[in-house]
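Thanks for making time this morning. I would like to walk you through one model, and I will ask you to keep the structure in view while I talk.

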Amino acid sequence: MARGNINNSELLDELEQSTITNLLKCCIKAKEYSYSPYSKFRVGAALLTDTGEIIDGCNVENASYGLSICAERTALVKAVSMGFRKFPAIAVTADLDEFVSPCGACRQFIVEFGLECDVYLVKSDLSYKKVCISELLPLPFTSTELESVNLQRKSLFEGKFKD
């Protein structure tokens, strides 16, 4: 059974600075576990669930580059496998002195669980920039598009078998 009963915007309104600071620190700590022997580009992420739990993730590379997984997706997969489905915020950091944003695949992956997730882009000194996932991915592909396609297919299919 999926956990969670608070919608993202309600929890976001109630986020305290201490929760945000903890989220930022967790993403920096998660970066330490990065397995990035090829790129040497360490990334850490921390995902806030609607129940207030923080799930971390790091990037894990593979010699077959396409099989690598980003920190954001690692955190999301861990959280979903634990029964969570609602995420009001995610924080991401890398070893750069600038804000690093999730890649396109991660943006799409985050959007799968809601258009209102706040994304904290974090530097190692805990400074951050907060953006909404809908700003990072303004025209997402969501279940709404799939439902529309399925309705169109159903309509076409039914039309072929009418007398």
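I will begin with an annotated set of cysteines, move on to the helix that carries one of them, and finish with the nonpolar cores.

Please bear in mind throughout that this is a predicted model. The UniProt record, an unreviewed entry, carries the annotation "binding site" for Cys 70, Cys 103 and Cys 106. These residues are spread over 37 residues of sequence, yet they cluster in space, with a largest C-alpha distance of 8.5 Å. Cys 70, Cys 103 and Cys 106 also belong to the lining of the largest pocket.

Where does Cys 70 sit in the fold? Cys 70 is in the loop that runs between strand E2, residues 54–58, and helix H3, residues 71–81. If we set aside residues up to four places away in sequence, Cys 70 touches Cys 58, Asn 59, Cys 103 and Cys 106. Cys 58 is not among the positions I listed from the record, but it is worth marking on your view, and at 10% relative accessibility it counts as buried.

With several cysteines in one place, a biochemist will want to know how many disulfides the structure holds. The number is 0. Cys 70 is in no disulfide, and the nearest cysteine sulfur, which belongs to Cys 106, is 3.7 Å away; a pair counts as a disulfide when the sulfur atoms are within 2.5 Å.

Let me turn to Cys 106, which lies in helix H4, residues 104–111. Is Cys 106 buried or exposed? Its relative accessible area is 1%, so Cys 106 is buried. Again leaving out residues up to four places away in sequence, Cys 106 touches Cys 70, Glu 72 and Arg 73.

Within H4, the buried residues are Cys 106, Arg 107, Ile 110 and Val 111. Viewed down the axis of H4, these buried residues fall within an arc of 140°, and therefore they line one face of the helix. As a reminder, an α-helix has 3.6 residues a turn, so residues three or four places apart point the same way. The buried residues of H4 pack against H3, strand E3 (89–94) and helix H5 (133–136).

That brings me to the largest nonpolar core, which has 23 residues, and in which Leu 47, Ala 79, Phe 87, Ile 90, Ile 110, Val 119 and Ile 133 touch the most other members. Two or more residues of this core come from each of strand E1 (43–48), H3, E3, H4, E4 and H5, and H3 gives the largest share, 4 residues. Ala 79, for its part, is in contact with Leu 47, Ile 55, Phe 84 and Phe 87, leaving aside neighbours within four places in sequence.

Apart from that core lies another, of 11 residues, with Ile 20, Leu 23, Leu 24 and Ala 46 among them. Leu 23 is found in helix H2, residues 17–31, and it counts as buried at 2% relative accessibility. Beyond its neighbours within four places in sequence, Leu 23 is in contact with several residues, including Ala 46, Leu 48, Ile 90 and Tyr 120. Leu 23 and Leu 48 are 25 residues apart along the chain, while their C-alpha atoms are separated by 7.1 Å.

My last residue is Leu 126, in the loop between strand E4 (118–122) and strand E5 (128–132). Leu 126 is partly exposed, with a relative accessible area of 28%, and its contacts, neighbours within four places in sequence aside, are Leu 24, Lys 25 and Ile 28.

Definitions and conventions. Residues numbered from 1 in each chain as written. Predicted model: local features only at pLDDT ≥ 70, side-chain atom pairs only at ≥ 80, totals over all residues. Heavy atoms only, no water. UniProt positions renumbered as here; feature names shortened; annotations may be inferred. 1 Å grid on protein atoms, 1.4 Å probe; cavity = no way out; pocket = protein on both sides within 12 Å on 5 of 7 lines; lining within 4 Å. Contact = heavy atoms within 4.5 Å. Buried < 20%, exposed > 50% of the residue type's maximum accessible area, 1.4 Å probe, protein only. Arc of directions from axis to C-beta. Core = buried A, V, L, I, M, F, W, Y, C linked by side-chain atoms within 4.5 Å.
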